[in-house]
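I opened a new structure today and kept notes as I went. Here they are, roughly in the order I looked things up.

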Amino acid sequence: DLLVVGSANADLVIGVERRPAAGETVLGSDLAVHPGGKGANQAVAAARLGARTALLARVGDDAHGRLLLDSQRAAGVDTAGVLTGGAPTGVALITVDPSGDNSIVVSPGANGRLTPADVRAASGLLHASRVVSAQLEIPLETVVAVAAGLGPDSRFVLNPSPPRPLPAVLLAACDPLIVNEHEAKVLLGEAGGAASGPEDWARLLLAKGPRSVVVTLGAEGALVASADGGVQHVDSVKVDAVDTTGAGDSFTAALAWRLGTGASLAEAAAYAARVGAVSVTRRGAQESFPTAEEVDALGGA
Ligand code: ADP
């Protein structure tokens, strides 16, 4: 069983011909509202694959919060751990221009009010979960409390997004730490500049204390690294990518779920790469996440 601890946002998207300058108003397309946030995305991705999944998150007592709860429940996620109130639901205000470039303003809202005390109050949920997966769109001290509150048999998976330097206690709990190229560079800082490529990043990140590391490489697949297994490459599946939104979230969710079923890190990452590949063939985040049948139907196994 998988527990995702993290953010839930309403993504408010408007297409524009061009972005307004300061003091200017432009007209845009009709508003599209999508459930999002890395925590909510991961929980939906795992549940759609068939994983027994729970979400620990905080939303506002408002329409966006209800939208998020509805999308979680529709995917089959256990939402008993979703707390309500304290601030409006987190929102991402997104404008998309004709070239497809995004400009995004995030208001963390209730995500910023998910506290270490909330995590301690959910310790039964933490202890009941074989794998607990977190990201960094909630306060860092809350993520630290998750790592400190794991049950003796629970495994902790962290995607440090948006990236920032991490305390040693948090790094030491990760099994694995999952990063894309940008996140790897931020976590490595100066040392990353001296590294010659992804294999070096994986080794340097492993030296920072996590039990294992995964570096995702988009269309190039991923690297998995651990002290006993060395660095291994995981192939991607060749697909026609139309929108990479949510690829990392679906990859992480799939990997965390497979680890909980007893798969090795390399096996879990290979499955996750197939899930990520399907998700990039469709637009959107949660809408793009596949079922297990759709993953099996993908060629190139
Ligand atoms: P993020 O979305 O966090 O930047 P990546 O872009 O590295 O993460 O994507 C996560 C995973 O999804 C990759 O490791 C890969 O397995 C899969 N993936 C992403 N983009 C593609 C692609 N264009 N073709 C095939 N697989 C992809």
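**Binding-site residues**

I started with the annotation: an unreviewed UniProt entry lists Asn9, Ala10, Asp11, Gly37, Lys38, Gly39, Ala40, Asn41, Glu137 and Asp249 under "binding site". A reminder to myself: the model I'm looking at is predicted.

I went to Asn9 first and found it in strand E2, which covers residues 9-15. Is Asn9 buried or exposed? It is buried, because 28 other C-beta atoms lie within 10 Å and 20 are enough for that label. Leaving out residues up to four places away in sequence, I noted that Asn9 touches Gly36, Gly37, Gly90, Val91 and Ala92. Gly37 is also among the residues in the UniProt list.

Next I looked up Glu137, which sits in the loop between strand E8 (131-134) and helix H5 (140-148). Glu137 counts as buried too, with 25 C-beta neighbours inside 10 Å. Which residues does Glu137 contact, apart from those within four places in sequence? I wrote down Gly6, Ser7, Gly37, Lys38, Gly39 and Asn111. So Gly37 turns up in the contacts of Asn9 and in those of Glu137, going by the C-beta cut-off of 7 Å.

**The sheet with E2**

Then I traced the sheet that holds E2. It is an open sheet of 4 strands in the order E3-E2-E6-E7, with mixed pairing. Why do E3 (32-36) and E7 (102-107) count as edges? Each has a single partner strand, so one side of each is left without a neighbour in the sheet. Neighbouring strands here are turned by 20° against each other on average, direction ignored.

I also checked how E2 meets E6 (residues 90-96): they run parallel and are joined by 7 bridges. Isoleucine 14 is placed opposite threonine 95 in E6. Helix H2 (residues 63-75) packs on this sheet, where it touches E2, E3 and E6, and its direction makes about 60° with that of E3.

**The sheet with E8**

E8 belongs to an open sheet of 9 strands, and I copied the order as E5-E4-E1-E8-E9-E10-E11-E12-E13, with mixed pairing. E5 (82-84) and E13 (230-234) are its edge strands, each pairing on one side only. Towards the E5 end, I saw that E4 (residues 53-59) and E5 pair in the parallel sense over 3 bridges. Arginine 58 has leucine 83 in E5 as its bridge partner.

Helix H10 (residues 247-260) lies across E1 (2-5), E8, E9 (155-158), E10 (174-179) and E11, and I noted its angle to E8 as about 165°.

I stopped at Ser212 in E11, a strand of residues 212-216. Ser212 counts as buried with 23 C-beta neighbours inside 10 Å. Setting aside neighbours within four places in sequence, its contacts are Asp175, Pro176, Val224, Ala225, Ser226 and Leu265. The C-alpha atoms of Ser212 and Ala173 are 9.7 Å apart, with the two positions 39 residues apart along the chain counted as their separation.

**Around the ligand**

Last, I looked at the ligand: 19 residues surround it, and the closest are Thr216, Ala241, Gly248, Ala273 and Gly276. Which helix gives the largest share of that shell? H11 does, with 4 residues. H10 and H11 (265-280) each supply at least two shell residues. By type, I got 11 nonpolar, 8 polar and no charged residues in the shell.

Technical notes. Residues are numbered from 1 along each chain as its sequence is written. This is a predicted model: local features need pLDDT of at least 70, side-chain atom pairs count only at pLDDT 80 or more; totals for chains, interfaces and linings use all residues. UniProt positions are given in the numbering used here, feature names are shortened, and annotations may be inferred rather than shown by experiment. A residue is buried if 20 or more other C-beta atoms lie within 10 Å of its own, exposed if 12 or fewer, and partly exposed in between; C-beta atoms are placed from the backbone. Two residues are in contact if their C-beta atoms, placed from the backbone, lie within 7 Å. Two strands pair if DSSP finds at least two bridges between them. Axes are lines fitted to C-alpha atoms, for helices over the stretch in contact, and angles run from 0 to 180 degrees between N-to-C directions. A residue is near a molecule or strand if its C-beta atom, placed from the backbone, lies within 6 Å of it. Ala, Val, Leu, Ile, Met, Phe, Trp, Tyr, Cys and Pro count as nonpolar, Asp, Glu, Lys and Arg as charged, and the others, Gly among them, as polar.
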